[in-house]
Structures are given as C-alpha cells and as structure tokens.
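Colleague: Could you walk me through this fold, one piece at a time? I would like to see how you get to each answer.

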Amino acid sequence: MPDWKDALERVINDVVAPDAERVDAEGSFPLAGIEALGDAGLLGLTSSAAHGGGGGDLAAAAHVVERLAASCGSTAMIVMMHYTATAAIMAHGRREVRRAIASGGHLSTLAFSEAGSRSHFWASQSSATPSGDGAEVRLDAKKSWVTAANHAQSYVWSSLPLAAEGPMTLWLVPADTPGLHRSGGFDGMGLRGNDSVPVTAEGAKVAATAMLGADGGGLDLALMVVLPWFLVLSGAFSSGIMEAVTAEAARHLGATRLEHLDQTLIQQPMARADLARMRLATDTARTLVGDTIAAVASSREDAMLRVLEVKAVAAEAALQVTDLAMKVCGGSAFRKELGIERRFRDSRAARVMAPTTDALLDFVGRVVGGLPLLGP
Ligand SMILES: Cc1cc2nc3c(=O)[nH]c(=O)nc-3n(C[C@H](O)[C@H](O)[C@H](O)COP(=O)(O)OP(=O)(O)OC[C@H]3O[C@@H](n4cnc5c(N)ncnc54)[C@H](O)[C@@H]3O)c2cc1C
C-alpha cells in the first residue's frame with residue numbers, strides 16, 4: 001500500500017474530522033469513519049501482505065493513530081485497540097480471521113480488564129473450562145471495559161488457563177458468540193464515541209481452536225506481543241492530541257488581539273512561554289515514541305524499558321499540554337469552539353488505561369532496580 005498516508009489524510013479530511021464534534025456531543029460510535037478506514041485499506045494496514053493486508057509495521061500504525069487522535073480521539077482509540085488486537089491475531093489467529101482483517105471488513109479489540117482484577121490485566125479471574133468432547137471451551141467472565149464492544153467482530157480475550165499451569169490464556173472470541181452480553185452504551189467524560197462497555201460471558205462456548213498461542217502462555221503473549229503495540233500506540237495517541245492542541249493554541253494566540261494594546265495574544269510573554277512549554281512537552285513525548293519504535297524494530301537492549309516508559313511519559317505530557325492549552329486559550333478553550341476542551345477530556349483516558357501510569361512507574365522502577373516485572 002504505497003499511498004496509504006494520502007488515503008489516511010483523505011479519510012480524515014472527508015469523514016473523521018467533520019464528524020468528530022457530533023461523535024463527542026452524541027457519544028455515538030464513529031461508524032462512518034471506521035467504515036471509510038476499512039474501505040481505504042487502513043484497518044488492514046498492519047495485516048501481513050501474504051493475507052492481502054498492507055504489511056505495515058508498528059511505525060505505520062503509530063502514524064495512523066497519531067493522525068487520527070489529532071482529529072477524533074474516539075476513532076483513534078478504536079483503531080488503536082484494533083491494531084493491538086491484530087498483532088496477537090496475526091501471530092496466532094485463524095487464517096480466515098487474518099484474511100478478514102486484511103480485507104478491512106473485520107474490526108477487533110481487547111477484552112482484558114475485568115471487574116475483579118480491574119486494571120491488573122495480568123491477573124485474569126475469568127474461567128475457561130472444557131466442554132463436550134473437548135472440541136469446545138466454555139468461557140465465563142465479567143469484562144469491565146471493551147472498546148468498540150457493540151461494533152467489533154471479535155475480542156482478544158484473557159482467561160485463566162484451560163488445563164495447563166500458568167497465569168493466563170488468550171482466546172479470539174467471535175462477538176456474536178451466544179452467552180456474551182454487552183451492557184448498555186458508553187457515557188464517559190471523554191472518548192465519548194469509543195463504545196467501551198462491559199461484556200459478560202455466561203457459558204459462552206467457543207471452539208477449542210479459538211485459543212491464541214499456548215494454554216497458560218497468555219501472559220507471555222500479552223507482554224511480548226500485545227503490550228508493545230498497545231503502549232507505543234497509546235504514546236502515539238497522546239502525541240496526536242498534543243500536536244492538535246499545540247497547533248490550535250498557536251493559531252488562536254496569533255489571531256486573537258488585545259485591541260487596547262494593539263497586540264496579538266502571542267505578543268504577551270507569558271502566553272509565549274506557555275506555548276513553548278506545550279511544544280517542548282509535545283516534542284519530548286513524540287521523540288520518545290519515535291525512539292521506542294526504533295528500539296523495538298532493532299531489538300535494542302533497552303527496547304523493553306522504552307516500551308514501559310513511552311505510554312506513561314506521553315500520557316502525563318498530554319495532561320500537562322491540554323491543561324496549558326485550556327489556560328492560554330482562556331474562555332475560547334472553555335467553550336467548544338476550538339475543540340480544545342474535547343481534546344482535554346479525551347487525553348485523560350490514557351493515564352488510567354491499563355497498564356496505568358502508576359503501574360508503569362512500578363514496572364520501570366522494577367526494571368531499573370533489577371527486579372522481576374511482576375511479583376513481590
Ligand atoms: C476509554 C477507555 C477504554 C478502555 N478500553 C479497554 C479495552 O478495550 N479493553 C480492556 O481490556 N480495557 C479497556 N479499558 C480499561 C482500562 O484498561 C483499565 O482497566 C481501566 O481504566 C482501569 O480502571 P479501574 O477503575 O478498574 O482501575 P483500578 O484498578 O481501580 O485503579 C484505579 C487507580 O488505582 C491505581 N492503582 C491500582 N493498582 C495499583 C497499584 N498496585 N499500585 C499503585 N496504584 C495502583 C491505578 O493506577 C489507578 O490510577 C478502557 C478504559 C478506558 C478509560
């Protein structure tokens with residue numbers, strides 16, 4: 001897909017950006033944007049070329065998520081979850097699902113967080129038990145947040161192992177599996193169109209072949225495959241929001257006048273300093289996203305450390321940058337006219353999405369201090 005960046009800009013300009021305010025105001029799923037991204041081949045961008053996908057890597061996915069986040073946080077979050085789920089499916093999923101994703105007609109997502117273990121995704125409490133002659137598996141679970149739950153075709157799903165030792169097993173669960181229940185719609189302060197709702201499983205039966213990787217090997221798969229994609233793309237997501245509000249603030253400060261002083265707002269030294277702080281934080285986070293992608297691509301020695309750092313740094317920077325934007329753009333930002341308050345609200349999710357900033361600080365401290373990632 002040589003011209004995928006042009007295709008992305010077309011979809012953003014024609015569909016995603018014009019729909020962003022409505023998606024936020026109504027809290028509705030950005031269906032037109034997701035369909036347009038599918039039609040343009042962008043939902044299959046990271047699928048292998050052998051299956052008819054774009055063959056794009058983590059850098060390509062990060063570019064898409066960053067550009068989408070600048071326009072519509074909800075759309076970016078849905079695509080970010082889809083690319084992250086796709087990474088696990090490309091590694092271990094069934095061939096027909098890989099082909100369906102490559103064609104752009106199959107949206108997937110993650111179902112890790114649970115009512116019991118909350119943001120501690122590494123401690124799934126869901127069960128998987130053999131059913132019938134062993135060709136099927138019964139899943140029971142209380143998943144607390146599943147982005148795009150009512151619109152995705154499949155969920156990458158964590159549970160306790162079926163029979164093996166180990167902390168966790170992953171499954172690819174079709175969304176139309178009988179026994180799955182989705183509760184209500186999403187009504188949150190930000191990312192209002194992301195359709196992240198609880199999904200429960202009560203005796204939901206899937207084929208035993210729905211297992212992703214080895215029984216009991218789900219945590220390794222989550223840490224080695226899912227986590228790098230999720231954390232880097234979350235960093236790209238926060239970067240996109242920061243880019244958008246920094247550009248919008250610069251435009252507003254340059255175009256808005258204090259008539260009695262015959263000056264624009266950018267001629268005020270304090271406003272300039274705030275804008276500079278926004279630019280510094282944005283560039284710092286974006287540079288770390290780029291360096292993390294380079295570290296992962298070359299299997300650099302510090303790749304795992306960078307992966308654990310990138311979401312925390314970018315999420316916290318986005319909190320600071322969007323807060324500064326709310327200040328320097330004053331009442332214009334407080335109203336909806338600049339789209340800054342929407343980005344301010346959207347940016348708040350990354351801090352509490354698992355692994356949360358607190359959890360990542362603990363992980364980074366463990367790596368730097370020579371302790372295992374999990375455990376005492
Ligand atoms: C918009 C959105 C979309 C989401 N989409 C998905 C999805 O598609 N799939 C999915 O699986 N999940 C999803 N999640 C869930 C997310 O990943 C987290 O699991 C969820 O936000 C955690 O909320 P909680 O209230 O359960 O956190 P809690 O676990 O109750 O944590 C609350 C606070 O306590 C802190 N805390 C918890 N434990 C510790 C500790 N040991 N040390 C220090 N601090 C700690 C946390 O850092 C956090 O700040 C989504 C969340 C949001 C907001």
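**A walk through the fold**

Modeller: Happy to! Strands β2 and β3 form a hairpin with four residues between them, and glycine 132 in that turn has a positive phi of about 60°. Please keep in mind that this is a predicted model.

Colleague: How many bridges join β2 to β3, and which residue in β3 does alanine 128 stand opposite?

Modeller: β2 covers residues 127-131 and β3 covers residues 136-146, and the two run antiparallel. They are joined by five bridges. Opposite alanine 128, in β3, you will find leucine 139.

Colleague: Which residue of β7 is the bridge partner of valine 137?

Modeller: β3 also runs antiparallel to β7, residues 197-207, and eight bridges join them. In β7, the partner of valine 137 is valine 206.

Colleague: There is an open sheet as well. Which strands stand at its edges?

Modeller: Four strands form that sheet, in the order β1-β4-β5-β8, with mixed pairing. Two of them have a single partner strand each, so one side of each is left without a neighbour in the sheet. Those edge strands are β1 (108-111) and β8 (211-212).

Colleague: Which residue in β8 is the bridge partner of tryptophan 171?

Modeller: β5, residues 169-174, pairs with β8 over two bridges in the antiparallel sense. The bridge partner of tryptophan 171 in β8 is methionine 211.

Colleague: And what angle does α6 make with β5?

Modeller: Helix α4 packs on the sheet, touching β1, β4 (154-159), β5 and β8, and its direction makes about 90° with that of β1. Helix α6, residues 218-255, packs on the sheet too and touches β1, β5 and β8. The angle between the directions of α6 and β5 is about 75°.

Colleague: Let's turn to the helices. Where does α1 bend?

Modeller: α1 spans residues 4-26, and its buried residues include Trp4, Leu8, Val11 and Ile12. These buried residues pack against α2 (31-39), α3 (58-71), α4 (73-92) and α10 (340-347). Just after the helix, glycine 27 takes a positive phi of about 65°. The bend, of about 45°, is at isoleucine 12.

Colleague: Is the crossing of α8 and α12 left-handed or right-handed?

Modeller: α8 (residues 303-328) and α12 (residues 357-368) pack at an angle of about 145°, with their axes 9 Å apart. Among the residues making the contact are Leu305, Leu308 and Ala312 of α8 and Leu360, Phe363 and Val364 of α12. The crossing is left-handed.

Colleague: Is isoleucine 293 buried or exposed?

Modeller: Isoleucine 293 lies in helix α7, residues 269-297. Leaving aside residues up to four places away in sequence, isoleucine 293 touches Leu58, Ala59, Ala62 and Val232. Its C-alpha atom is separated by 8.5 Å from that of alanine 303, 10 residues apart along the chain. Because its relative accessibility is 15% and the cut-off is under 20%, isoleucine 293 counts as buried.

Colleague: I always ask about cysteines. Is cysteine 72 buried or exposed, and how many disulfides are found?

Modeller: Cysteine 72 has a relative accessible area of 2%, so it is buried. Cysteine 329, at 3% relative accessibility, counts as buried as well. As for disulfides, a search of the whole structure finds zero.

How values were computed. Residues numbered from 1 in each chain as written. Predicted model: local features only at pLDDT ≥ 70, side-chain atom pairs only at ≥ 80, totals over all residues. Heavy atoms only, no water. Bend = angle between axes of the 7 residues up to and from the residue. Buried < 20%, exposed > 50% of the residue type's maximum accessible area, 1.4 Å probe, protein only. Contact = heavy atoms within 4.5 Å. Disulfide = S-S within 2.5 Å. Pairing = 2+ DSSP bridges. Axes fitted to C-alpha atoms, helices over the stretch in contact; angles between N-to-C directions. Left-handed = near helix turned anticlockwise from the far one by under 90°.
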